[in-house]
Amino acid sequence: MKLTTLILIGAALDLSAAGAAGAGPAPAAVDTLAAADTLASIRAVPADSFSVIYRLEEIIVYGKRPRELSMVTELRAGEVAARGGGDIAHTLRLEPALSVTSGAKAETETRIRGMPSHSVLVLVDGRPVNTGYYGKTDLSMIPSTDIAAVQVVKGPASSAYGPNGMGGVVNVITRSGLDAPGTEFGARFGSDGLRLLNLATGDRRGALNWRLSGYEQYRDGFALSDDFEPTSIEDGGVRTNSGYHKAGGSLKMGYERSVADRYTVTLGYNWSRREIPPTVYSWDSPMWRRFPEWIRYGASINNERFIVGRFELTTVLYADAQEDRLIDYLDPSMSGDAIEFDSKLENLTTGASMSLEGAWGERHDLHAGLAYKRDAMDKKPDLDEPWVSHSIQIGSIFIEDRYTPFAAATVTAGVQGSIYAAEQDAPGRSDVCPTLAL
């Protein structure tokens, strides 16, 4: 798309005095004198102003066309803020066809049209953040104050997202120094010790931009409804063992070599300590558990470059690590003498992806790319047991065409091939998985 920038420069030109002095009536307005090929014009208006319009050189503006229609919902930063809540999980609870609940380990379970959480791919700035062992992501660890937009793809509409997206995709785009220059501070307080704090600062200097943010969330627990009927496990009031404490921060730095070549480096850290409420009925085998420590940190490098006219090449390199410790107790005292098991999990995910996307002819959008991801996990069922190692490697390549025969119709067809390899303390199996999508 090409735009022509016009700049208007005004200067006061008072001609009324001449008429008042008897020099005759004020001169009539001078009609526009412009050549059609230059768009330049000069107009003098009595007792008003003198304006000159200049034509500047052509400026090429690069942008993306939306790839999906009815199956995609996009929430911008303003809509996210309007829905309230301290994290993205709270925001998405109001989205149709999406179910965000709290799972058995006090972490979010995200379902799209009934598909389980491990079949919903979660992306943050283009990198997958689903953990390798369970394949899930705790959306409550993503503060809503850092969100520029959230895109939700409901259903397996595309082969471009690769494996693990059969249920759909949640694509989170975080804010940068370009979105919100300046410093922001927010604080919310409520019942049961609720405390939500966030601080962020960002700016732009020439080709560089940055955003540094941090947050803290704390709560003693969640209050049950007034009409809750007490049981032998739960007597009402504040839900037993339902408190949490979370904190974290991120740094996002961008560099624009040119309008068509941009780099972004992102660093993030999240920490939490949370309790896991038991079931409220004794016959439902209640468990007393807590995460004394849950840590996640990572880094990514993104490059977006426009090449060959209207085609954009996107490259992403990333590394993401998670460590957590889960303690299970025999009774509600949750003392050191009542520990049934004390388990640990360490996960390291590394990967890279490259995709090419752009218009092909008048009615076609072409999208092609390849990706590689490796999940390496070490599990320790109990402190006195040995570590168990497990790894998964997935490589995939795809090509997809989005055809628009006329304004109200779109046909998307694609093919994807994946190579899957799994190991657990010894060489495992490998599979080739072709996929067709229409």
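**Close-ups of a predicted model**

**View 1. Tyr281 is partly exposed, with a relative accessible area of 40%.** What we're looking at is a predicted model, so keep the confidence values of the last view in mind. Trp283, shown along with Tyr281, comes out at 67% relative accessibility and counts as exposed. We'll come back to how these two rings sit once the Phe222 and Tyr244 rings have had their turn.

**View 2. Phe222 and Tyr244 make a tilted aromatic pair.** With ring centres required to lie within 6.5 Å, the count comes to three aromatic pairs. In this one, the centres of Phe222 and Tyr244 are 6.1 Å apart and the planes meet at 35°, so the pair is tilted. Phe222 belongs to the loop between β13 (208-219) and β14 (244-258), while Tyr244 is in strand β14, so the pair ties together parts 22 residues apart in sequence. As for accessibility, Phe222 is partly exposed at 38%, whereas Tyr244 is buried at 14%.

**View 3. Tyr281 and Trp283 stack.** Back to the residues of the opening view: the two rings are 5.3 Å apart centre to centre, with 15° between the planes. Of the two partners, Tyr281 is partly exposed and Trp283 is exposed.

**View 4. Two charged side chains lie over ring faces: Lys246 over Tyr244 and Arg274 over Trp294.** Lys246 is 4.9 Å from the ring centre of Tyr244, the buried partner from View 2. Arg274 does much the same job of covering a face, at 4.8 Å from the ring centre of Trp294.

**View 5. Ser242 sits buried in the loop between β13 and β14.** Its relative accessibility is 7%. The Ser242 side chain reaches the backbone nitrogen of Phe222 at 3.0 Å, and also the backbone oxygen of Arg239 at 2.8 Å. Setting aside neighbours within four places in sequence, Ser242 is in contact with Asp220, Gly221, Phe222, Glu275 and Pro277.

**View 6. Confidence along the chain is lowest in strand β1 and highest in β13.** Strand β1 (residues 2-13) has a mean pLDDT of 36, against 94 for β13. Over the chain the mean is 80, and 81% of residues reach 70 or more. pLDDT stays under 50 over residues 1-51, though the model still has 75 contacts beyond four places in sequence for that stretch.

Terms used. Residues numbered from 1 in each chain as written. Heavy atoms only, no water. Phe/Tyr/Trp six-rings, centres within 6.5 Å; stacked < 30°, edge-to-face > 60°. Helix = DSSP H or I, 4+ residues; strand = E, 2+ residues; numbered from the N terminus. Buried < 20%, exposed > 50% of the residue type's maximum accessible area, 1.4 Å probe, protein only. Lys NZ or Arg CZ within 6 Å of the ring centre and 35° of its normal. pLDDT = per-residue confidence, 0-100. Contact = heavy atoms within 4.5 Å. Polar contact = N/O pair within 3.5 Å; in protein donor to acceptor, adjacent residues only side chain to side chain.
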